[in-house]
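Work through these exercises with the model in view. Try each task before you read its solution.

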Amino acid sequence: MQENKETNEYYENGICKKCKQAYIDTSEGKYSILCSECREQQIQYPIPKILIGIGILLLVLVVRSIILIINNFY
Ligand SMILES: [Zn+2]
């Protein structure tokens, strides 16, 4: 009985805490408790790549306009 309990606990430690079907993916985090699929669902890409692109574009435009303003002053 005692041995069975320990085996189950060890087994559950390697299983995704959300879906309890897939093994935990520890490739990106040692203390991850989710499989790769559930983690992606959990993260849901809070910053889509298109937003990062727009952000960089805006930054470039702002820097360029600042340079233009500085050039106009001198
Ligand atoms: Zn999962």
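## Exercise 1: Cover on a helix

α3 is hardly covered: among its 25 residues, the count of buried ones is 0. Keep in mind that this is a predicted model.

**Task.** Find where α3 lies and how far α3 reaches from its first C-alpha to its last.

**Solution.**
1. Locate the helix. α3 spans residues 49-73.
2. Take its reach. The first and last C-alpha atoms of α3 are 36 Å apart.
3. Set that beside the expected span. At 1.5 Å a residue, 36 Å is expected, and the model's value is close to it.
4. Bring in the record. The unreviewed UniProt entry annotates residues 50-70 as "transmembrane region".
5. Check that stretch. Residues 50-70 are 100% helix and 0% strand. Their end C-alpha atoms are 30 Å apart.

## Exercise 2: The whole chain

**Task.** State how many helices and strands the protein chain has, and which element has the lowest mean pLDDT.

**Solution.**
1. Count the elements. The chain has 3 helices and 0 strands.
2. Read them in sequence order. The pattern is α-α-α.
3. Look at burial. Of the 74 residues, 4% are buried.
4. Turn to confidence. The chain's average pLDDT is 81, and 80% of the residues score at least 70.
5. Split confidence by element. α1 has the lowest mean pLDDT, 57, while α3 has the highest, 93.
6. Apply a caution. Predicted coordinates should not be read in detail where pLDDT is low.

## Exercise 3: Two loop neighbours

**Task.** Decide whether lysine 20 and glutamine 21 are buried or exposed.

**Solution.**
1. Place both residues. Lysine 20 is in the loop between α1 and α2. Glutamine 21 sits in that loop too, between α1 (2-13) and α2 (36-43).
2. Recall the cut-off. A residue with 12 or fewer other C-beta atoms within 10 Å is exposed.
3. Apply the cut-off to lysine 20. It has 10 C-beta neighbours inside 10 Å, so lysine 20 counts as exposed.
4. Apply the cut-off to glutamine 21. It has 10 other C-beta atoms within 10 Å, so glutamine 21 is exposed.
5. Note the backbone. Lysine 20 has a phi near 55°, a positive value in a residue other than glycine.
6. Add a distance. Glutamine 21 and cysteine 35 are 14 residues apart in sequence, and their C-alpha atoms are 8.7 Å apart.

## Exercise 4: Isoleucine 24

**Task.** Work out which residues isoleucine 24 touches, leaving out those up to four places away in sequence.

**Solution.**
1. Place the residue. Isoleucine 24 lies in the loop between α1 and α2.
2. Classify isoleucine 24. It counts as partly exposed because it has 19 C-beta neighbours inside 10 Å.
3. List the contacts. Isoleucine 24 touches Gly14, Ile15, Cys16, Ser32, Ile33, Leu34 and Cys35.
4. Finish with a distance. The C-alpha atoms of isoleucine 24 and cysteine 38 are separated by 9.4 Å.

Definitions and conventions. Residues numbered from 1 in each chain as written. Predicted model: local features only at pLDDT ≥ 70, side-chain atom pairs only at ≥ 80, totals over all residues. UniProt positions renumbered as here; feature names shortened; annotations may be inferred. Helix = DSSP H or I, 4+ residues; strand = E, 2+ residues; numbered from the N terminus. Buried ≥ 20, exposed ≤ 12 C-beta atoms within 10 Å, placed from the backbone. pLDDT = per-residue confidence, 0-100. Expected span 1.5 Å × (residues − 1). Contact = placed C-beta atoms within 7 Å.
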